[in-house]
Amino acid sequence: MLNDDLIIVKLGGSVITDKKSETPKLRTAVLRRLAKEIAASGKRTIIVHGAGSFGHPLAKKYKLNDGLIEESQKKGFALTQASVRRLNLKVIDVLQNAGISAISLPPGAILKCRGGKVAEFGAGAFDGYLRAGLVPVTFGDAVIDESKGFCICSGDLLVEKLACEFEPEKVIFAADVDGIFDRNPAERYAKLLREISVGKIGKIAGEKSRHTDVTGGMKGKIESIKRIVAKGTQAVVLNGNKKGRLLSALLGKETVCTKVEP
């Protein structure tokens, strides 16, 4: 499905929630601004958001990414799904208030994983809503895994799968850093890479992550970006905490970011 006018937007969990919080905490003002920027662009989009503090503490506590090992994890699985769905409904509400006809597509209803990878994917559900002029919204979640019992399907993994299925114009990652750096951005002399080819991005993946979490942090994001760009789609990584950057990227205008080219 070639969609030259389609843009996939990933709203990072560290941007729309307080990811350092041990209890669920939405960054409402930031989310509202991002929603307004998406609406103002007028672009046809699929939106994916991370779980942040609504998912990571529970997933870590119950070791959900290790698969089903003991009975107590079933409670954690249910609690995590309920928590991220509460976040998703909050995101949907903010998007709709911004004038976006947002529709929720929970991962557990549209895909199956096997060994931590997406094995079956209901792309038709997204296609149907897009054709109807609606905006599909999905999110990182705890899902059933046919070999492990269950696993975490990250937002980045969903973005990767959607990009493969729909071949969009570009994929935009709204993260909590200005883009991809040549080293950990917290380190002195870290340099923002404004443009980089897919052939070179693998050399900086290593341990460059600013965050370590159950979905792999920046390292996991870079691995997904490598596969997305290898298919011919441009990827953009920008700071969602900075006003106007997402809107500029959506409109194809210059802004502070990293562009990863095929």
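Is Glu160 buried or exposed, and what is its relative accessible area? Glu160 is buried, with a relative accessible area of 15%, where buried means under 20%, exposed over 50% and partly exposed in between, for a 1.4 Å probe and protein chains only. The model is predicted, so local features need pLDDT of at least 70 and side-chain atom pairs count only at pLDDT 80 or more, while totals for chains, interfaces and linings use all residues. Residues are numbered from 1 along each chain as its sequence is written, and side-chain values use heavy atoms, with hydrogens and water left out.

The sheet is open and mixed in its pairing, its 8 strands following the order S3-S6-S2-S1-S9-S11-S12-S10; strands and helices here are DSSP runs numbered from the N terminus, of at least two residues (E) for a strand and at least four (H or I) for a helix, and two strands pair if DSSP finds at least two bridges between them. Strand S3 (102–104) and strand S10 (195–197) stand at the edges with a single partner strand each, so one side of each has no neighbour in the sheet. Within the sheet, S1 (residues 3–11) and S2 (residues 44–49) pair in the parallel sense over 6 bridges, and Leu11 stands opposite His49 in S2.

Helix H7 (residues 155–166) contributes 6 residues to the largest nonpolar core, which has 40 residues in total; such a core is a set of buried Ala, Val, Leu, Ile, Met, Phe, Trp, Tyr and Cys residues joined through side-chain atoms within 4.5 Å. Of the 12 residues of H7, 9 are buried, so the helix is largely enclosed by the rest of the structure. Charged residues are included among those buried in H7, namely Asp156 and Glu160.

Asp156 meets Lys10 of strand S1 in a salt bridge (2.8 Å, N to O), a term that requires a side-chain nitrogen of Lys or Arg within 4 Å of a carboxyl oxygen of Asp or Glu. Lys221 also forms a salt bridge with Asp156, the closest N and O atoms being 3.3 Å apart; because Lys221 lies in helix H9 (residues 217–230) and Asp156 in H7, the pair ties together parts 65 residues apart in sequence. Glu160 in turn forms a salt bridge with Arg227, at 2.6 Å between the closest N and O atoms, and Arg227 is partly exposed, with a relative accessible area of 37%. Salt bridges with shared partners join Lys10, Asp156 and Lys221 into one network.
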